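Here's a quick briefing for anyone meeting this structure for the first time. Take a look at the sequence and the model, then read on.

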Amino acid sequence: MYEQDAKDESIWRSVIITGEIYEIPEEEEQQSYTSIAANAQFPHDLGVWGIPF
């Protein structure tokens, strides 16, 4: 998936994810969001973030 800046087409971001995908049961959503936030990585110079899988 990718995102391109609407005002400046030279600015874009992309993401590639491999592995199994499945729907998270509604009662587990809040814990899932908490886990994602706790494991997010924010590089200082790139302006993007990633989650190790």
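**A first look**

At 37% relative accessibility, Val 15 falls in the partly exposed group, because that group covers values between the 20% and 50% cut-offs. Keep in mind that you're looking at a predicted model. Here's the rest, sorted by topic.

**The overall layout**

- The protein chain is built with one helix and two strands.
- Start at the N terminus and you'll meet the elements in the order β-β-α.
- Out of the chain's 53 residues, just 4% count as buried.
- The chain's accessible surface adds up to about 5500 Å², and carbon and sulfur atoms account for 54% of that area.

**Around Val 15**

- You'll find Val 15 in the loop that runs between β2 and α1.
- Val 15 and Glu 3 sit 12 residues apart in sequence, while in space their C-alpha atoms are 9.0 Å apart.

**Around Trp 12**

- Trp 12 has its place in strand β2.
- With a relative accessible area of 55%, Trp 12 is exposed, because the exposed label goes to anything over 50%.
- Leaving out residues up to four places away in sequence, Trp 12 touches Glu 3 and Gln 4.
- Glu 3 is thus a name to look for twice: it's a contact of Trp 12, and its C-alpha is 9.0 Å from that of Val 15.

**The charged patch**

- On the surface, a patch of negative charge brings together Glu 23, Glu 26, Glu 27, Glu 28 and Glu 29.
- One of these, Glu 28, belongs to the loop between β2 (12–14) and α1 (29–39).
- Glu 28 has a relative accessible area of 41%, so it counts as partly exposed.

Terms used: Residues are numbered from 1 along each chain as its sequence is written. This is a predicted model: local features need pLDDT of at least 70, side-chain atom pairs count only at pLDDT 80 or more; totals for chains, interfaces and linings use all residues. Side-chain values use heavy atoms; hydrogens and water are left out. Patches are made of residues with over 30% relative accessible area and no salt bridge: like charges are joined within 9 Å, nonpolar side chains (Val, Leu, Ile, Met, Phe, Trp, Tyr) within 5 Å. Accessible areas come from the Shrake-Rupley method with a 1.4 Å probe; for residues, only the protein chains shown count as cover. A salt bridge is a side-chain nitrogen of Lys or Arg within 4 Å of a carboxyl oxygen of Asp or Glu. Lys and Arg count as positive and Asp and Glu as negative; His and the chain ends are not counted. The place of a charge is taken as NZ of Lys, CZ of Arg, CG of Asp or CD of Glu. Helices (H or I, at least four residues) and strands (E, at least two) are DSSP runs, numbered from the N terminus. Buried means under 20% relative accessible area, exposed over 50%, partly exposed in between (1.4 Å probe, protein chains only). Contact means heavy atoms within 4.5 Å.
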